[in-house]
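Please work through the exercises below with the sequence and the coordinates open beside you. Each task is followed by a solution that proceeds step by step.

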Amino acid sequence: MKNSVTDTLQRPLRDLRLSVTDRCNFRCRYCMPEEIFGPDYSFLSSDHILSFDEMERLTKLFASLGVEKVRITGGEPLLRKNLPGLIERLAVIDGIKDIAITTNGSLLKKQAGALKQAGLHRVTVSLDSLDEERFSSLNGNRSSVKRVLEGIEAAADAGLQVKINMVVQKGKNDQDIIPMARYFKEKQHILRFIEYMDVGNTNGWKMDEVYSKQEILNRIGQVMPIEPLSPNYTGEVATRYRYLDDGQEIGVISSVTDSFCSACSRARVSAEGKLYTCLFAADGFDLRNQLRSEKSDQELLDILSSLWNHRKDRYSDERREGKTSGSKVEMSHIGG
Ligand code: SAM
Ligand code: SF4
Ligand code: SF4
């Protein structure tokens, strides 16, 4: 029997983001700056990360509380061995209607077919520039634009729905907005611009590096006129637009200047099995211990329901009200 839980602000639990590894083959400055995530950084050992059995069990429990969508993330999720094996197990869970992955795309070309076959529906590929030199400096000199674009095309050819995420930082890659918009308009892939966020404690975020939703829309609109589209569903993270000439869709995710906490229905589980009810939470609840104890499914369900019932997170709304402070979980632990 499917239950439904709501938090203190009457927000239901609908989406689960599962981080399958804390490791990454990139060192994007805004997420895993090299000077902190260097050769001496100690990543989780394999017995500290959730096994596929544990993730499957958790997903079943979340599904029975109303979760319909699962997004696999990282670190870089395609580094996790035999990821299609996990997707296969999640795709058949009762109540799960949609499985997506967020990836840097560098390993996608090889894996796209197997992921689709395993039951993956959608892939979001992160790409912040089409300029090889700038891309390289943004991701810590790893991989190439060419390789990521090949990954994107392989995913589309395999029949996966593809979206592209571009984090825009003022003075770093805002000059790439138009080239990216043109390229993906032509390719007919949905491009979503993301405002640079103050996630974690290591990226040295400053408000004046945020290129706002309005600035993004103005810049595009001056060259390629657009009009707003209505949301696909309540709680959709991106606001949607389409080009007037060909109808191709784009989106903007404006967590900083136009936050959307009131409709946030997402739970995040880190690779080590901690539950975070907000992207900006200081700490999470250790589910791994619970999973490795003798607790029954019902006991775990009671814990999850109670955690969600008590949830009152609204960090981005508070940021706009000038109220935030304190340490936050790193983005590479919970994957965005
Ligand atoms: N490695 C995968 C990737 O890059 O797609 C998945 C994990 S990554 C943490 C998930 C998303 O978070 C990416 O689209 C990335 O660009 C975004 N991200 C990371 N740090 C960010 C920040 N400070 N502000 C906004 N988005 C950020
Ligand atoms: Fe890796 Fe993704 Fe973070 Fe870049 S954004 S460092 S690709 S986890
Ligand atoms: Fe959800 Fe927290 Fe982001 Fe608000 S700040 S939308 S509560 S994850």
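The exercises that follow concern a predicted model, and they treat its sheet, its annotated positions and its ligand shells.

**Exercise 1. The sheet**

Task: Determine in which order the strands of the open sheet are arranged, and which strands stand at its edges.

Solution. Step one is to trace the sheet, whose twelve strands follow the order S7-S8-S9-S6-S5-S4-S3-S2-S1-S10-S11-S12, with mixed pairing. Step two is to look at the ends: strand S7 (226-228) and S12 each have a single partner strand, so one side of each is left without a neighbour in the sheet. Step three adds a helix, since helix H2 (residues 83-91) packs on the sheet and touches strand S1 (15-19), strand S2 (69-73) and strand S3 (98-103), while its direction makes about 170° with that of S2.

**Exercise 2. Strand S5 and its partners**

Task: Work out how strand S5 is paired on either hand, and how many of its residues are buried.

Solution. Begin with strand S4 (residues 122-126), which is joined to S5 by five bridges and runs parallel to it; here Thr-124 has Lys-163 of S5 as its bridge partner. Continue with S6, which pairs with S5 in the parallel sense over six bridges, and where Ile-190 stands opposite Lys-163. Then go one strand further: S6 (residues 190-195) is joined to S9 by four bridges, again in parallel, with Arg-192 facing Gly-251 in S9 as its bridge partner. Finally, apply the burial cut-off of under 20% relative accessible area: seven of the eight residues of S5 (residues 161-168) are buried, so the strand is largely enclosed by the rest of the structure.

**Exercise 3. Three annotated cysteines and ligand 3**

Task: Which cysteines does the unreviewed UniProt entry list under "binding site", and how far apart are their C-alpha atoms?

Solution. The entry lists Cys-261, Cys-264 and Cys-278. They span 18 residues in sequence, yet no two of their C-alpha atoms are more than 9.4 Å apart, so they gather at one spot. Next, place two of them: Cys-264 lies in the loop between strand S9 (249-253) and strand S10 (266-269), whereas Cys-278 is in the loop between strand S11 (274-276) and strand S12 (285-286). Cys-264 is buried at 12% relative accessible area, and Cys-278 likewise counts as buried at 12%. Beyond their sequence neighbours up to four places away, Cys-264 touches Arg-11, Pro-12, Trp-308 and Arg-311, and Cys-278 touches Arg-268, Asp-313, Tyr-315 and Ile-334. As a last step, compare with ligand 3, whose surrounding residues include Cys-261, Cys-264 and Cys-278; S10 and helix H10 (315-320) are the elements that give two or more residues to this shell, which by class has seven nonpolar, one polar and four charged residues.

**Exercise 4. A second annotated set**

Task: For Arg-71 and Ala-267, decide whether each is buried or exposed.

Solution. Both positions come from the unreviewed UniProt entry, where "binding site" covers Arg-17, Arg-71, Thr-102, Lys-163, Arg-266, Ala-267 and Arg-268. Arg-71, found in strand S2, is buried with a relative accessible area of 12%, and its contacts include Arg-17, Thr-102 and Thr-124. Ala-267, found in strand S10, counts as buried at 0% relative accessibility, and among the residues it touches are Arg-17, Phe-62 and Trp-308.

How values were computed
Residues numbered from 1 in each chain as written. Chains lettered and ligands numbered in written order. Predicted model: local features only at pLDDT ≥ 70, side-chain atom pairs only at ≥ 80, totals over all residues. Heavy atoms only, no water. UniProt positions renumbered as here; feature names shortened; annotations may be inferred. Buried < 20%, exposed > 50% of the residue type's maximum accessible area, 1.4 Å probe, protein only. Contact = heavy atoms within 4.5 Å. Pairing = 2+ DSSP bridges. Axes fitted to C-alpha atoms, helices over the stretch in contact; angles between N-to-C directions. Near = heavy atom within 4 Å. Nonpolar A, V, L, I, M, F, W, Y, C, P; charged D, E, K, R; others polar.
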